[in-house]
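I opened this entry to keep track of what I looked up, going from the whole chain down to single residues.

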Amino acid sequence: MRPLDALLAEKIAVACEKACANKNIGYDQLTRNTLLEEAKYAKFDMSKIDMPCNCDCSSFVSTCCVCAGLPENIFFPGGNGCVTTNLADACLKTGKFERLTASKYLNQKDYLRRGDILLNRNAHVVMVVGSGSKADPFPVSHN
């Protein structure tokens with residue numbers, strides 16, 4: 001999944017980096033939604049989370065998207081974070097992502113761009129925080 005907007009991609013990647021550097025954020029599937037709750041208390045700045053909390057891979061990426069300003073109700077329907085089977089649908093529902101299916105995106109890191117979300121629907125999801133050497137640049141906006 002690729003954000004359509006450079007600013008959104010950057011906000012998602014920054015949220016990811018801040019969360020990865022925060023020792024209060026752990027991994028536990030049973031309490032996977034506590035990261036979002038603590039992110040709310042921290043005004044969606046992952047570096048300011050000061051209470052222990054947890055996530056799994058999909059609730060982590062979902063929280064990064066919410067911290068970037070995307071709708072909580074799409075990424076946490078009914079209060080439960082997306083899982084790998086519905087995360088792509090949530091991204092597309094926002095209208096802010098495109099699905100990349102060409103083999104160069106699926107098999108070569110050189111074409112990945114900062115903010116991309118790599119998703120295996122049946123297993124795992126990760127965030128890209130560094131662009132590859134052959135990554136397409138974002139289109140220039142003339143607004």
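**Surface and overall form.** I began with the surface of this predicted model, and I found that the protein chain exposes about 7,800 Å², of which carbon and sulfur atoms supply 53%. I then looked up the charges, and the mean positions of the 17 positive and 15 negative charges of the protein chain turned out to be 4 Å apart. For burial I noted that 44% of the 143 residues count as buried.

Next I went through the secondary structure, which comes to 6 helices and 6 strands, and I wrote down their order from the N terminus as β-α-β-α-β-α-α-α-β-α-β-β. The radius of gyration is 15 Å, close to the 15 Å that the globule rule gives for 143 residues, so I recorded the chain as being as compact as a globular protein of that length. Along the principal axes, the C-alpha atoms fill a box of roughly 40 × 35 × 25 Å. I also checked how far along the sequence the contacts reach: among those between residues at least 6 apart, 61% join residues at least 24 apart.

**The nonpolar core.** Which residues touch the most other members of the largest nonpolar core? I found that they are Ile12, Met46, Phe75, Phe97 and Ile117, in a core of 36 residues. Several elements each supply at least two residues of this core, among them α1 (6-20), α2 (34-41), α5 (87-94) and β6 (124-127). The largest share, 7 residues, comes from α3.

I followed one of these residues, isoleucine 12, outward, and with its neighbours within four places in sequence left aside, I listed its contacts as Pro3, Cys64, Cys65, Ala68, Leu70, Phe97 and Met127.

**Helix α3.** Is this helix buried or exposed? I counted 11 of its 11 residues as buried, so α3 is largely enclosed by the rest of the structure. The buried residues include Cys57, Cys64, Cys65 and Cys67, and also Ser58, Ser59 and Ser62. Just after α3, I noted that glycine 69 takes a positive phi of about 105 degrees.

Within the helix I picked out two residues. Threonine 63 lies in α3 and, at 0% relative accessibility, counts as buried; not counting residues up to four places away in sequence, threonine 63 touches Leu35, Leu36, Ala39, Met46 and Phe76. Valine 66 is found in α3 as well, and its 7% relative accessibility puts valine 66 among the buried residues, because the cut-off for burial is under 20%. With the same sequence neighbours left out, valine 66 touches Leu36, Phe44, Pro71, Glu72, Phe75 and Phe76. I also took one distance from this residue: valine 66 and valine 129 are 63 residues apart in sequence and 17 Å apart in space, C-alpha to C-alpha.

**A loop residue.** Where does valine 83 lie? I placed it in the loop between α4 and α5, and I noted it as partly exposed, with a relative accessible area of 33%. Leaving aside its neighbours within four places in sequence, valine 83 is in contact with Arg32 and Ser58, and the second of these, Ser58, is one of the buried residues of α3. My last distance was between the C-alpha atoms of valine 83 and cysteine 55, which are 28 residues apart along the chain and separated by 11 Å.

How values were computed:
Residues are numbered from 1 along each chain as its sequence is written. This is a predicted model: local features need pLDDT of at least 70, side-chain atom pairs count only at pLDDT 80 or more; totals for chains, interfaces and linings use all residues. Side-chain values use heavy atoms; hydrogens and water are left out. Helices (H or I, at least four residues) and strands (E, at least two) are DSSP runs, numbered from the N terminus. The radius of gyration is taken over C-alpha atoms; the globule rule is 2.2 Å times the number of residues to the power 0.38. Buried means under 20% relative accessible area, exposed over 50%, partly exposed in between (1.4 Å probe, protein chains only). Contact means heavy atoms within 4.5 Å. Accessible areas come from the Shrake-Rupley method with a 1.4 Å probe; for residues, only the protein chains shown count as cover. Lys and Arg count as positive and Asp and Glu as negative; His and the chain ends are not counted. The place of a charge is taken as NZ of Lys, CZ of Arg, CG of Asp or CD of Glu. A nonpolar core is a set of buried Ala, Val, Leu, Ile, Met, Phe, Trp, Tyr and Cys residues joined through side-chain atoms within 4.5 Å.
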